[in-house]
Amino acid sequence: MARRARELVGLEHDTLLIDGTAISMPDTAENQARFPRPGSQEPGVGFPQARLVGLLCATSGTLVDMALSACKGKGSDEATALRALSADVAPGTVLIGDAIYENYWTWTTLLEAGCEGIFEINGSRFLGGRERKRRHVTIRRPSRPMWMTIEQYRSLPTSVTLRVVISRRKGYRDKTLLTSMLDHASCPNARVRERHARRWDVELDFRSIKDVLGARVLACRTPQMVIKELWTHLLGYNLIRLLACEAARAHGCEPREISFRHTEQLWSAWAMLGEELDERRWEALLARIAQRRVRNRPGRRE
């Protein structure tokens with residue numbers, strides 16, 4: 001489905017957005033055992049929560065892949081999810097995410113997968129004044145983590161060289177971006193900044209899944225049914241995104257210029273009529289979907 005969306009908008013290479021969010025579910029013993037309450041909740045208070053880490057197409061908004069885990073415990077962090085998701089990412093893909101993913105293990109994971117990355121610099125990594133003026137920075141290999149074997153550790157490079165890009169805009173705090181795309185000619189700094197500016201779209205995509213489609217609080221009382229319920233929501237999300245791509249292609253605009261909520265409401269209303277979608281009605285539906293344009297607030301604050 002995501003491949004079909006890319007074909008509709010004429011994409012040759014993927015640019016994927018990665019981020020995580022949490023979903024809640026009924027407080028049953030089965031759900032609590034599989035998705036325990038996060039550590040921020042007091043004992044006996046709150047509901048089970050699961051962490052969803054998704055890869056979404058930057059152009060079409062379709063969900064490409066998803067990793068689901070508990071919100072606490074071994075292997076529940078977003079960096080672990082990225083390593084799992086990267087196994088199925090095609091070489092040449094560019095991943096864009098926030099600072100939580102920016103670490104040595106992420107960069108080496110992308111290197112092994114033949115992918116590139118653009119991330120805001122991690123808050124624990126300090127670049128002094130001289131380093132910020134340099135075009136490249138070198139990240140040394142840290143100590144071996146407990147989850148990695150000695151053979152795996154020794155196979156990794158002792159250092160990774162990254163390119164430093166400073167994003168400056170009037171009225172905004174400067175951002176330091178790191179990218180593995182070292183060739184300035186093929187991807188100049190302005191292009192890197194432009195690509196990273198689309199990271200905010202993944203937050204809006206999760207809002208569409210959780211609020212428009214109602215996946216913020218799931219209803220099933222067992223983990224098996226919770227997972228099925230979540231995938232049903234994600235399937236519906238992708239179908240709506242695919243419909244928006246069809247409308248965008250027919251009317252010469254970008255898929256993300258079309259309102260997700262407007263598309264969902266129109267399709268729901270049309271489905272309630274129960275009329276057959278012949279060619280004339282299909283074209284009329286696409287025209288009405290494409291009427292509602294968004295993304296008219298460039299450069300807004302996160």
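This is a short dialogue on reading a predicted model, from its cores to single residues.

Student: Where should I start with the interior?

Tutor: Start with the nonpolar cores. The largest one holds 31 residues, and Leu230 and Tyr237 are those with the most contacts inside it.

Student: Which elements each supply at least two residues of this core?

Tutor: Four strands and two helices do. The strands are E1 (15-24), E2 (49-57), E3 (63-70) and E4 (94-97). The helices are H8 (201-212) and H9 (223-251). H9 gives the largest share, five residues.

Student: What is Tyr237 in contact with, leaving aside its neighbours within four places in sequence?

Tutor: Take the list in sequence order. Tyr237 is in contact with Leu56, Gly61, Thr62 and Leu63. Asp205, Ser208, Ile209 and Leu213 follow, and then Phe260. The list leaves out neighbours within four places in sequence.

Student: And what of the second core?

Tutor: A second, separate core has 29 residues. Among them are Leu82, Tyr101, Ile121 and Leu178.

Student: Now a helix. Which residues of H3 are buried?

Tutor: Buried means under 20% relative accessible area. In H3 (residues 78-85), Glu78, Ala79, Ala81, Leu82 and Leu85 are buried. Leu82 also belongs to the second core.

Student: Why do they line one face of the helix?

Tutor: Look down the axis. The buried residues of H3 fall within an arc of 155 degrees, so they line one face.

Student: What do the buried residues of H3 pack against?

Tutor: They pack against strands E1, E2, E3 and E4, and against helix H4 (104-113).

Student: What is found at the start of H3?

Tutor: Look at Asp77. One of its side-chain oxygens comes to within 3.3 Å of the backbone nitrogen of Ala79.

Student: Is Thr80 buried or partly exposed?

Tutor: Thr80 lies in H3. Its relative accessibility is 23%, so it counts as partly exposed. Thr80 and Gly92 are 12 residues apart in sequence, and their C-alpha atoms are 21 Å apart in space.

Student: What about the loop between H3 and E4?

Tutor: Take two of its residues. Ser86 is found in that loop. With a relative accessible area of 7%, Ser86 is buried. Beyond neighbours within four places in sequence, Ser86 is in contact with Thr109 and Ala113.

Student: And the other residue?

Tutor: Thr93 also has its place in the loop between H3 and E4. Thr93 counts as buried, at 2% relative accessibility. A polar atom of its side chain lies 2.6 Å from the backbone oxygen of Ala90. With neighbours within four places in sequence set aside, Thr93 is in contact with Asp14, Leu16, Cys115 and Glu116.

Student: How do I read a pocket?

Tutor: Rolling a probe the size of a water molecule over the atoms shows where empty space is left. Here, the second largest pocket has about 220 Å³ of space.

Student: How many residues line the second largest pocket, and which lie nearest its centre?

Tutor: Its lining has 13 residues. Arg83, Thr109, Glu112, Met148 and Leu156 lie nearest the centre. Thr109 is also in contact with Ser86.

Student: Which elements give two or more residues to that lining?

Tutor: H4 and helix H6 (150-155) do. The largest share, five residues, comes from H4.

Student: Let us move along the chain. Which residues of H11 are buried?

Tutor: In H11 (residues 279-289), they are Leu285, Leu286 and Ile289. These cover an arc of only 95 degrees around the axis, which puts them on the same side of H11. H9 and H10 are included in what covers the buried residues of H11.

Student: Which residue of H10 should I look at?

Tutor: Try Leu266, which lies in H10 (residues 260-273). Leu266 is partly exposed, with a relative accessible area of 21%. Leaving aside neighbours within four places in sequence, Leu266 is in contact with Leu285, Arg288 and Ile289. The C-alpha atoms of Leu266 and Ile289 are separated by 7.0 Å, with their positions 23 residues apart along the chain.

Student: Is Gly252 buried or exposed?

Tutor: Gly252 has its place in the loop between H9 and H10. Its relative accessible area is 72%, so Gly252 is exposed. The C-alpha atoms of Gly252 and Asn189 are separated by 28 Å.

Terms used. Residues numbered from 1 in each chain as written. Predicted model: local features only at pLDDT ≥ 70, side-chain atom pairs only at ≥ 80, totals over all residues. Heavy atoms only, no water. Core = buried A, V, L, I, M, F, W, Y, C linked by side-chain atoms within 4.5 Å. Buried < 20%, exposed > 50% of the residue type's maximum accessible area, 1.4 Å probe, protein only. Contact = heavy atoms within 4.5 Å. Arc of directions from axis to C-beta. Polar contact = N/O pair within 3.5 Å; in protein donor to acceptor, adjacent residues only side chain to side chain. 1 Å grid on protein atoms, 1.4 Å probe; cavity = no way out; pocket = protein on both sides within 12 Å on 5 of 7 lines; lining within 4 Å. Points joined across faces, edges and corners; volume = space filled by probe spheres on them.
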